[in-house]
Structures are given as structure tokens and as C-alpha cells.
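Good morning, colleagues, and thank you for the time. I should like to present one structure today, and I ask that you keep the display in view while I speak.

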Amino acid sequence: MSDTPTIRIRGLTKSFGDKLVLDGIDLDVMPGTSMVVIGGSGSGKSVLLKCVLGLIQPDAGTIEVNGQDLLRLRAGALDAVRSTIGMLFQNGALFDSLPVWENVAFGLLATHAVTRRTARVRAAEVLAQVGLDASVGDLSPAELSGGMQKRVGLARAIAGGAKILFFDEPTTGLDPIMGAVIDGLIVDCVKRLGSTAVAITHDMASARRIGDQAAMLYKGRIVWQGAAAGLMDSGNPMVDQFTHGRRDGPIQMELRK
Ligand SMILES: Nc1ncnc2c1ncn2[C@@H]1O[C@H](COP(=O)(O)OP(=O)(O)OP(=O)(O)O)[C@@H](O)[C@H]1O
Ligand SMILES: [Mg+2]
């Protein structure tokens, strides 16, 4: 296995106005591993992934993907790197104007120069993998339940065979059985296809099923990193409070009075 991390982040900093969201993130994700990122709501998990995708411009720091510094790449080279990343967005982010199958095959149609017919067959295959019937492909995203939209978003993320996969809360809104099915699919992508994955989740069972490594984000920094299998007994007071859902502990929720 190569020593070069697939993703190497150093000193990543991002503020929105006077709100400091990422305060010097250092993180390595090694090839063929999956990293689970946990942290409270609003702690910057989604912003972190969007920075790596180039959707949000960081204020400082470096992001390397397979040794290439993204923030120094020209537009064409940056697009090439981005096309190696499949992303499931937290809110699905499906295109309402396109039928489900075109959403799933979007990347294929846009970049891989396959025929619409081939793309449609591929979309049906991937929809089946996430437990959806091919007939769902003809529906519009607005006609789907929240959990179905989530699975279509997942199908889109994996349809192009991307070597790097980002999952922002892949099982939120799914029933427990479908959640386990989706976790299995993620593990399969990482293990069988040799992809490298970063998954954000609040679901500790899911985190341990899909993660090799885990990292916790708090106040803009990575405050703990270790094996995902040790999440429930890490010995770190912040991780313990979070994973066991305790109200009292070092983490104080910012609630408006
Ligand atoms: N485009 C944006 N413009 C301004 N502020 C933003 C933007 N995106 C995110 N933020 C702010 O950055 C902070 C972190 O947001 P982020 O979406 O990363 O949280 P999160 O950790 O993913 O939370 P959750 O678990 O609720 O999804 C929040 O305070 C949010 O309001
Ligand atoms: Mg989020």
C-alpha cells in the first residue's frame, strides 16, 4: 500500500464572516481506508468535505488529493481531480428537473461519453444496489420519500466507479434495516472496489460498521483520532460524551436562551 495519503489536509481554516468554522484541520486518509468523521451539529463536518470538493474556498491551509495540491491546480486539472470523487450530499442535492435515472447517471452522461441507453442500464443497476426498482428511474425526485432520495443520492455517488467517495450522513432518515444495507454497500465499495471513503455520521452503529478510522471535530479542530472500533470506549472525555449521548461533560451545547 502506498505511503502517500489519498487525502492529506494541513492547517485547513475557514471562517464565514466572524464565525470561525474550521480552525486548522490536519487529517490524513490513507488509500483503501474509510474515515468516519463525527462531531456536533454545526461543527463544520459538511464544510470540511465541501472544501475538499472545491465547492467552498478555504481561507488557509493545504488539501492534497493523491499528492496534488488542490488549491494550486488550474481549473482543468482541478476538474479532473474532482471527477475522481463521488459525493453523497447531506440533503441529497438531486436535480428536480431531471428524472431519477438521469440524476443517477449524471456524471456518466456529462463526462464519460456513454450513450444514453448505456447510461440508463447502468442507472438501473446502481438503483438495484441501493434497493430501488428500475421503475423508480422514471420518477422525478419530488415524487420520492426522503429515504428514497437519500438512496438515489448514494446511487449517483457510486455510479461512476469513483475511487474516492464522500458520504455526508448516508443513513440519516433511513429505517434501521435499510441503514444496515447501505452500510454494507459502502463497505463493499471500499473493500471490493478499493475506494477510499470519508463518511460523516451521527449513527454510532453505522460508524463502527463502515469506518476503519474515526476522527472527531470540535470547535474547528480534530480533537481525537483513532480506530473506529474504539469509538465507544476511546477514553477521550469528549468522544465518550458524544458517542454515549451524555448531556453533561466537556462539550457544552450552544443553545440560544
Ligand atoms: N455557505 C455558507 N455560508 C455561511 N455559513 C455557512 C455556510 N456553510 C456552512 N456555514 C456555517 O458553518 C458552520 C458549520 O456548518 P456545517 O454544515 O459544516 O455543519 P455540520 O457539522 O455539517 O452540521 P450538521 O451535523 O448539522 O450537518 C455552521 O455554523 C454553518 O452555519
Ligand atoms: Mg452537515
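I shall begin with the ligands, then turn to the strands, and close with a few individual residues. Please bear in mind throughout that this is a predicted model.

Let us start with ligand 1. Its surroundings consist of 14 residues, and the closest of these are Ser41, Gly42, Lys45, Ser46 and Gln90. By class, the shell around ligand 1 contains eight polar residues, three charged ones and three nonpolar ones.

Which side chains place a polar atom beside an oxygen of ligand 1? One of them is Ser46, with a polar side-chain atom 2.9 Å from an oxygen atom of the ligand. Another is Gln90, where an N or O atom of the side chain is 2.8 Å from an oxygen atom of ligand 1. His202 also takes part, with a polar side-chain atom at 3.1 Å from a ligand oxygen. As for how far the ligand is covered, ligand 1 taken alone exposes 630 Å², and the protein buries 63% of that area. Two elements give two or more residues to the shell around ligand 1, namely β2, residues 19-29, and α1, residues 45-53. Of the shell, the largest share is that of α1, with three residues.

I now come to ligand 2, which is a magnesium ion. What coordinates the magnesium ion? The atoms are OG of Ser46 and OE1 of Gln90, at 2.1 to 2.2 Å. Ser46 belongs to helix α1, while Gln90 sits in the loop between β6 (85-88) and α3 (100-104), so the two residues tie together parts that lie 44 residues apart in sequence. Both residues have appeared already, since Ser46 and Gln90 are also among the closest residues to ligand 1. Is Gln90 buried, exposed or partly exposed? Its relative accessibility is 41%, and Gln90 therefore counts as partly exposed.

Close to the start of α1 in the sequence we meet Ser43, in the loop between β3 (34-39) and α1. Ser43 has a relative accessible area of 12% and is therefore buried, the cut-off being under 20%. Its side chain reaches the backbone oxygen of Gly40 at 2.7 Å.

We may now move to the strands. An open sheet is formed by four strands in the order β2-β1-β4-β5, with antiparallel pairing. At its edges are β2 and β5 (68-69), each of which pairs on one side only. Within this sheet, β1 (residues 7-16) and β4 (residues 60-65) run antiparallel and are joined by five bridges. Two positions illustrate the register: Thr13 stands opposite Ala60 of β4, and Ile9 stands opposite Ile63 of β4.

On its other side in the order of the sheet, β4 neighbours β5. These two strands pair in the antiparallel sense over two bridges, and Val65 has Gln68 in β5 as its bridge partner. Together β4 and β5 form a hairpin with two residues between them, and in its turn Asn66 has a positive phi of about 50°.

Where else does a residue other than glycine have a positive phi? Lys219 is such a residue, with phi near 50°. Lys219 lies in the loop between β9 (213-218) and β10 (221-227). With 60% relative accessibility, Lys219 counts as exposed, because the cut-off is over 50%.

Let us return to β6, the strand that precedes the loop holding Gln90. In a regular strand, side chains alternate between the two faces of the sheet. In β6, Ile85 and Met87 point one way and Gly86 and Leu88 the other way, and all are buried. β6 runs parallel to β7 (residues 164-168), and four bridges join the two strands. One of the pairs is Met87 with Phe166 in β7.

Finally, I should like to draw attention to a residue away from the ligand shell's Ser41. Thr118 is placed in helix α5, residues 116-129. From C-alpha to C-alpha, Thr118 and Ser41 are 40 Å apart in space, and in sequence they are 77 residues apart. At 44% relative accessibility, Thr118 counts as partly exposed. Its side chain makes a polar contact of 2.6 Å with the side chain of Thr115.

That concludes the presentation, and I thank you for your attention.

Methods. Residues numbered from 1 in each chain as written. Chains lettered and ligands numbered in written order. Predicted model: local features only at pLDDT ≥ 70, side-chain atom pairs only at ≥ 80, totals over all residues. Heavy atoms only, no water. Near = heavy atom within 4 Å. Polar contact = N/O pair within 3.5 Å; in protein donor to acceptor, adjacent residues only side chain to side chain. Areas by Shrake-Rupley, 256 points an atom, 1.4 Å probe, with all protein chains shown as cover. Nonpolar A, V, L, I, M, F, W, Y, C, P; charged D, E, K, R; others polar. Donors = N, O, S within 2.8 Å, 3.2 Å for Na, K, Ca; no water. Buried < 20%, exposed > 50% of the residue type's maximum accessible area, 1.4 Å probe, protein only. Pairing = 2+ DSSP bridges.
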